[in-house]
Amino acid sequence: MISYLYWLLVAALVFALLFGFGVRLGKWKPALLITVILVVASTLLYYFYLEQMFVKRWGGTMSIRIPAGQMHMGATWKDDNLWIENYDPQSNTCIFSEYARGNLLEGRVILRDCNPLMPAQGAPATGQSAP
């Protein structure tokens with residue numbers, strides 16, 4: 001919801017600039033230049049700073065696709081960055097992927113021979129005691 005309010009505010013500012021400079025003053029070139037700068041700046045601000053903050057703190061919306069062939073195991077927040085844990089049964093690895101602001105400087109941790117879905121050979125199953 002907060003994301004919609006942000007974009008509504010940006011649209012209102014664009015409309016006000018176009019109406020104020022373009023229609024009222026008849027200065028269309030500066031009006032278009034300022035509105036293009038505003039749209040680019042607000043888009044960069046949203047994707048590189050505000051998106052995850054909106055989702056975490058104020059209930060915004062964000063979509064992430066799990067890569068084909070992997071199984072989702074969990075998600076957690078560290079500061080304003082989202083960490084997703086997936087399991088890849090083909091390579092038997094657990095992959096922790098960070099979704100940082102603007103998808104820059106994202107971390108990735110790979111645990112080899114993870115196999116979280118089955119007990120290790122020779123280990124007792126959950127709820128059973130070893131003989």
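**View 1. Helix α2 has a kink of about 60°, centred on L50.** This is a predicted model, and the bend in α2 is a good place to start looking. If a helix of 31 residues were straight, it would span 45 Å at 1.5 Å a residue. Between its end C-alpha atoms, α2 spans only 37 Å. Now have a look at L50 itself. Which residues does L50 touch, once you leave aside its neighbours within four places in sequence? They are Y6 and L45. Just after α2 ends, you'll find G59, which takes a positive phi of about 75°.

**View 2. Six residues make up the largest nonpolar core.** Zoom in and pick out Y6, V10, V14, Y46, L50 and F54. Where do they come from? Both α1 (2-24) and α2 (28-58) chip in, each with at least two residues of this core. L50 turns up again here as a core member, and its contact with Y6 is one to look for.

A bit of helix know-how helps when you look at these side chains: an α-helix has 3.6 residues a turn, so residues three or four places apart point the same way.

**View 3. T35 sits in helix α2.** Is T35 buried or exposed? Its relative accessibility is 6%, so T35 counts as buried. Not counting residues up to four places away in sequence, T35 touches V14, L17 and L18. One of these, V14, is also part of the largest nonpolar core.

**View 4. The buried residues of α2 pack against a helix and three strands: α1, β1 (71-78), β2 (81-88) and β3 (93-99).** Among the buried residues of α2 are A31, T35, S42 and Q52. Further ones to find are M53 and V55. Step back a little and you can see how α2 is placed: it lies across β1, β2 and β3, and runs at about 90° to β1.

**View 5. Four strands form an open sheet in the order β1-β2-β3-β4.** The pairing is antiparallel. Why do β1 and β4 (108-112) each have one side without a neighbour in the sheet? They stand at the edges with a single partner strand each, so one side of each is left free of a neighbour there. On average, neighbouring strands of this sheet are turned by 15° against each other, direction ignored.

**View 6. β1 and β2 pair up in the antiparallel sense.** How many bridges does this pairing run over? There are 7 bridges between β1 and β2. For a landmark, find M71: standing opposite M71 is Y87 in β2.

Note on methods. Residues are numbered from 1 along each chain as its sequence is written. This is a predicted model: local features need pLDDT of at least 70, side-chain atom pairs count only at pLDDT 80 or more; totals for chains, interfaces and linings use all residues. Side-chain values use heavy atoms; hydrogens and water are left out. A nonpolar core is a set of buried Ala, Val, Leu, Ile, Met, Phe, Trp, Tyr and Cys residues joined through side-chain atoms within 4.5 Å. Buried means under 20% relative accessible area, exposed over 50%, partly exposed in between (1.4 Å probe, protein chains only). Contact means heavy atoms within 4.5 Å. The expected span of a helix is 1.5 Å times one less than its number of residues. The bend at a residue is the angle between axes fitted to the seven residues ending there and the seven starting there. Two strands pair if DSSP finds at least two bridges between them. Axes are lines fitted to C-alpha atoms, for helices over the stretch in contact, and angles run from 0 to 180 degrees between N-to-C directions.
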